[in-house]
Each structure stands twice: as structure tokens, then as C-alpha cells.
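Colleague: I should like a close look at a single part of this model, the hairpin close to the start of the chain. Please describe how its side chains are arranged, and then set it beside other parts of the fold.

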Amino acid sequence: MSTDSRPQVTSGLEGVLACHSSVCSIDGPGGVLTYRGYDIRDFVTDASFCDVAWLLWHGDWPDETESEGFAAEVASHRDLSEGVSALLAAAPIESANPMAVLRTAVSLVGAEDPTADDISRDAVVAKAARLVGCLPTMVAAMSRHLQGDEPIAADPSLDHAANFCRMLTGRHPSDQEAGALNALLNTYAEHELNASTFAARTTVGTLSDYYSAMVSGIGAVKGPLHGGAVDDAMAVFSEIGRPAGVVPFVEAALAVRRKVPGFGHRVYRTRDPRAIAVDRLAAELGAEAGEPHWHAVASSLESELHERKRLNANVDYYSALVLYHLGFPLSMFTSFIVCSRVAGWTAHVLEQYANNRLIRPRAQYEGSPPRPYPAA
């Protein structure tokens with residue numbers, strides 16, 4: 001029996017309950033994810049992203065009038081200010097991490113907002129609608145700058161997802177492309193107390209402003225152990241190249257204990273439920289683009305790793321293919337996630353403000369015991 005009477009440390013806070021929340025639930029063993037009690041599998045390809053954001057912020061689906069009004073409000077914020085446009089144009093996008101540029105642009109949006117420090121619920125929801133509207137414009141502009149193209153103005157006649165596609169590629173998207181982008185936005189919108197959401201809640205736990213929380217979230221999702229994994233997954237598919245290359249790749253990876261991005265999850269003990277819908281979207285887009293071999297590589301790799309190591313794909317795995325087929329540059333994949341997760345971050349920020357207590361954990365000290373200050 002252990003005689004260690006010190007308080008036990010839970011590394012990574014795994015399994016620790018940090019707050020009460022009604023936003024999202026995850027059944028890890030069963031592989032079920034719900035937003036406000038609704039299983040995402042029931043709406044991910046049908047509901048508009050603006051309606052999903054409304055659900056997360058207000059607790060239930062909007063009626064027809066609320067849906068139309070909110071979509072119009074979001075669309076009214078698509079254009080960027082002169083300052084933000086100039087920042088994006090001047091940023092060293094070829095050498096800088098795009099997430100660092102996006103983080104800075106969001107901070108500037110907050111600096112330009114004279115109501116930034118108003119943390120009342122109505123004010124926060126208004127700021128959130130602004131970011132939902134303008135983040136796709138930022139990401140599309142950055143993507144086009146990266147490829148040497150000029151940004152494309154928003155099209156007020158298009159809905160949120162279709163307009164995002166058009167600003168990115170310069171052409172009117174197919175229904176399948178716009179539908180896939182909308183579904184991917186819905187898929188990434190919320191995921192309980194992941195690292196970025198916890199960072200956002202911790203920030204507003206000090207009663208700091210909404211924009212600071214969003215910048216905190218962006219900083220956390222930038223990391224390769226969180227949103228950054230989606231970039232790495234596509235790099236692996238490119239490395240393998242064709243289905244015949246899967247088995248040699250797996251054997252070489254296992255021989256050196258190489259971690260393959262897009263597999264495993266801290267919470268799920270089965271296949272990530274978000275990966276199921278995205279798997280289908282990736283297959284459909286690949287077929288439409290005349291590049292079905294990419295999905296064949298991904299599917300074969302998933303099967304091989306599950307058979308050999310019982311590893312399950314997570315949401316980032318097939319999302320990498322969807323983003324590739326939609327025209328996002330590889331380095332911009334994680335920036336897309338911000339355009340979606342802002343909805344979930346906002347829901348948690350509203351919840352934290354409404355029932356706030358400063359988040360202040362403790363550390364188990366293991367350093368030197370007390371000792372005298374050395375004489376001069």
C-alpha cells in the first residue's frame with residue numbers, strides 16, 4: 001500500500017470535472033456527441049451553420065424568423081475593416097504561421113470595437129455574430145494571398161457556406177461543395193472542454209473581454225496536439241501517394257514508433273462520431289473532383305492501423321481530405337477550424353460569464369525544500 005499522503009495530481013486534467021455545462025455532451029465509450037441534447041448525426045448535413053450557432057448560444061433551434069434574421073446579421077459582418085484588410089495584406093503569410101496571423105487579426109477586430117469591454121450577454125452575442133461573419137473572409141483572403149491571388153469580395157446573394165467557398169476559390173461552388181463545407185462547419189462547431197474551449201473559459205473567468213477569449217482559443221487550437229493535427233494528416237496522405245503505399249508506410253511507421261496524425265482521442269474509445277459523416281463527405285468530394293485515390297489511401301490506412309493497433313480515426317483524419325478538395329491550402333486547414341469553433345467557444349464564454357468563478361487550480365510542488373538565502 002502506498003504511504004504517499006500528498007494530494008494526487010491528474011496529469012493533463014484527464015477526467016477532471018471542471019464545470020457544469022448544458023452546451024455539449026460526449027459519450028466516449030459509445031461514440032456519441034450531442035449539442036444541447038441533439039445528436040450531431042441527426043443534423044450535421046441538414047442544418048445551416050448559422051442555425052447551429054444559434055442553437056449553441058440560445059439553447060434550441062431558431063424559428064423561421066429568427067433563422068432568417070440571424071443569417072442576415074451574420075452576413076452583414078462579412079466585409080473587413082480597412083485596418084484588418086491592411087494587416088492581412090501586409091502579413092508575411094509565406095513565412096509566418098497563418099494561425100498567428102489570424103490570431104492577430106482577431107485581436108485587431110477587438111481593438112477596433114468600442115464596445116469590446118461590454119461583457120453583457122447581448123453585447124457578447126453581437127460580437128460573436130460579427131466574428132462568425134468576418135472570420136471566413138479573413139481565412140479566404142489569407143488563403144488567396146498565400147497563392148498569389150487577390151481577395152474576393154463577399155457575395156450577399158449566397159448563404160454562409162457557399163459564400164465562404166466562393167471567396168476561397170473565386171468560382172461559384174457546386175451544391176455538393178457548399179453542403180460539404182457547411183457540414184464540416186457544423187462538425188467542428190463544439191466539443192465540450194477541449195483545450196481551446198477551456199482556454200477561452202479560463203480567460204473570461206477573470207472577467208476579461210470576449211475577444212481576448214477568442215484569441216486564447218485560437219492560440220490553443222494552433223497546437224499540433226489540438227487543431228494542428230488536421231494539417232499533418234494531409235501531409236501523410238501525400239507521403240503515401242497511392243493505396244499500394246499504405247502497407248509499406250505502416251510497417252515503416254510501426255518500426256520506428258512513428259505517431260500517425262488523425263488517430264486516437266483523449267475522450268473517445270471508439271471511432272470519433274464526427275469522423276463518420278466526414279468520411280462520407282471526403283469520398284463524395286474526391287469522386288466529384290476525379291481524385292478518388294485520396295480517399296482510397298485514407299480508408300486503407302485507417303483499416304490497416306485499426307487491424308494492427310486497434311487505432312480509430314478522429315475528426316481531423318478525413319477532414320483533411322474535405323478541406324483539400326474544397327481548395328484550402330494545406331497550411332490553412334487549422335485556420336478553417338477557427339471559423340467553426342468560434343460558435344462553441346462563444347457558447348461556453350456565455351455560460352462562464354453567467355455563472356462565473358475564477359478558474360485557479362493548484363500545483364503539487366516538487367522543488368527544493370525551504371533553504372536559506374546565500375550570503376552575498
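Modeller: A residue is called buried when its relative accessible area is under 20%. The model is predicted, and that cut-off can be applied to strand 1, residues 24-27, where the side chains alternate. Cys-24 and Ile-26 point to one face and are buried, whereas Ser-25 and Asp-27 point to the other face and are not buried. Strand 1 runs antiparallel to strand 2, residues 32-35, and four bridges join the two. One of the residues involved is Asp-27, whose bridge partner in strand 2 is Val-32. Four residues lie between the strands of this hairpin, in which Gly-31 takes a positive phi near 70°.

Helix 8, residues 195-204, may be set beside the hairpin. Its buried residues are Ser-196, Thr-197, Ala-200, Arg-201, Thr-203 and Val-204. They lie on the same side of helix 8 because they cover an arc of only 160° around the axis. Among the elements that cover these buried residues are helix 9 (210-221) and helix 15 (333-354).

Finally, there is the nonpolar interior. The largest nonpolar core has 107 residues, and those with the most contacts inside it include Trp-57, Leu-131, Phe-237 and Phe-336. Helix 5, residues 121-146, gives the most to this core, with 13 residues. Leaving aside residues up to four places away in sequence, Leu-131 touches Val-106, Val-109, Pro-136, Tyr-210, Tyr-211, Met-214 and Val-342.

How values were computed
Residues numbered from 1 in each chain as written. Predicted model: local features only at pLDDT ≥ 70, side-chain atom pairs only at ≥ 80, totals over all residues. Heavy atoms only, no water. Buried < 20%, exposed > 50% of the residue type's maximum accessible area, 1.4 Å probe, protein only. Arc of directions from axis to C-beta. Contact = heavy atoms within 4.5 Å. Core = buried A, V, L, I, M, F, W, Y, C linked by side-chain atoms within 4.5 Å. Pairing = 2+ DSSP bridges.
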